[in-house]
Amino acid sequence: MRYSTLSCLLGTITAIVITVGASLFGVLPVPSAENILAVSPHLLFMIIFPGAIALVGWNIGVTILSPLNALLFINFVPVTTLLVSIFQGNCITVYDLLGTFLIIVSLLSNNIFVRMLQRIGSKQPVQTHLCERAS
């Protein structure tokens with residue numbers, strides 16, 4: 001939670017600084033009160049659901065799945081995006097399919113490799129002192 005909070009704070013502060021700076025230098029127009037009021041329900045939705053609930057849900061999911069499985073899950077998002085695009089009737093190219101195949105092979109290979117390393121590491125005796133390693 002601490003890492004997520006710090007990441008969100010850094011992103012928010014950065015966005016505020018860039019927006020205020022761009023507005024002060026005339027790159028971006030300053031929104032009117034009417035515009036701010038018009039988008040406030042959308043902002044509230046984005047703050048509450050993706051910003052807070054999804055973040056807490058993701059953190060809970062990582063604790064349930066384990067970081068390794070969560071990494072596999074989050075990196076599988078492009079594959080899900082491709083499937084949604086197919087169901088929406090978008091034109092899929094051979095490059096899309098090749099990229100998806102590479103993502104799947106890479107993720108599964110990495111996941112299997114890390115699990116093998118964990119299994120090998122758990123079979124080695126635990127060293128309690130640095131001196132034991134030298135002997």
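Is M116 buried, exposed or partly exposed, and what is its relative accessible area? In this predicted model, M116 is partly exposed, with a relative accessible area of 43%. The legends below begin with the whole chain and then turn to individual sites.

**Figure 1. Overall view of the predicted chain, an assembly of helices without strands.** The chain contains six helices and zero strands. Read from the N terminus, the order of its elements is α-α-α-α-α-α. The radius of gyration is 23 Å, whereas the globule rule gives 14 Å for 135 residues; the chain is therefore more spread out than a compact globule. Along the principal axes, the C-alpha atoms occupy a box of roughly 75 × 45 × 30 Å.

**Figure 2. Surface and contacts of the chain.** Of the 135 residues, 9% are buried. The accessible surface amounts to about 11200 Å², and carbon and sulfur atoms account for 75% of this area. When contacts between residues at least 6 apart in sequence are considered, 56% of them connect residues at least 24 apart.

**Figure 3. Close-up of the aromatic pair formed by F45 and F49.** The count of aromatic pairs comes to one. The rings of F45 and F49 are tilted, with 4.9 Å from centre to centre and 40 degrees between their planes. This angle is classed as tilted because stacked planes are under 30 degrees apart and edge-to-face planes over 60. Both residues belong to helix 2 (residues 33-65), and because they are four residues apart there, about one helical turn separates them. F45 is partly exposed at a relative accessible area of 47%. F49 is likewise partly exposed, at 42% relative accessibility.

**Figure 4. Close-up of the loop residue S66.** S66 sits in the loop that joins helix 2 and helix 3. Its phi angle is near 90 degrees, which is a positive value in a residue other than glycine. With 27% relative accessibility, S66 is partly exposed.

**Figure 5. Close-up of the largest cavity and its lining.** Rolling a probe the size of a water molecule over the atoms reveals where empty space remains. One cavity of 30 Å³ or more is present in the structure. The largest cavity holds about 30 Å³ of space. Its lining consists of L68, L71, L72, N75, L107, N110 and N111. Helix 3 (67-75) and helix 5 (94-123) are the elements that contribute two or more residues to this lining. Helix 3 makes the greatest contribution, with four residues.

**Figure 6. Close-up of S85 in helix 4.** S85 lies within helix 4, which covers residues 77-87. The relative accessible area of S85 is 18%, and the residue is therefore classed as buried, since the cut-off for that class is under 20%. Leaving aside residues up to four places away in sequence, S85 touches N90 and I92.

**Figure 7. Close-up of L98 in helix 5, with L44 as a distant reference in sequence.** L98 is part of helix 5. Its relative accessible area is 47%, so L98 is partly exposed. L98 and L44 are 54 residues apart along the chain, and their C-alpha atoms are separated by 39 Å.

**Figure 8. Close-up of M116 in helix 5, with R2 as a second reference residue.** M116 is located in helix 5. As stated at the outset, M116 is partly exposed, with a relative accessible area of 43%. A separation of 30 Å lies between the C-alpha atoms of M116 and R2, which are 114 residues apart along the chain.

How values were computed. Residues are numbered from 1 along each chain as its sequence is written. This is a predicted model: local features need pLDDT of at least 70, side-chain atom pairs count only at pLDDT 80 or more; totals for chains, interfaces and linings use all residues. Side-chain values use heavy atoms; hydrogens and water are left out. The radius of gyration is taken over C-alpha atoms; the globule rule is 2.2 Å times the number of residues to the power 0.38. Buried means under 20% relative accessible area, exposed over 50%, partly exposed in between (1.4 Å probe, protein chains only). Contact means heavy atoms within 4.5 Å. Accessible areas come from the Shrake-Rupley method with a 1.4 Å probe; for residues, only the protein chains shown count as cover. Rings of Phe, Tyr and Trp (its six-membered ring) pair if their centres lie within 6.5 Å; planes under 30 degrees apart count as stacked, over 60 as edge-to-face and the rest as tilted. On a 1 Å grid over the protein atoms alone, a cavity is a set of points where a 1.4 Å probe fits but cannot get out, and a pocket is an open set with protein on both sides within 12 Å along at least five of seven lines; lining residues have an atom within 4 Å of a point. Grid points are joined across faces, edges and corners, and a volume is the space filled by probe spheres set on the points.
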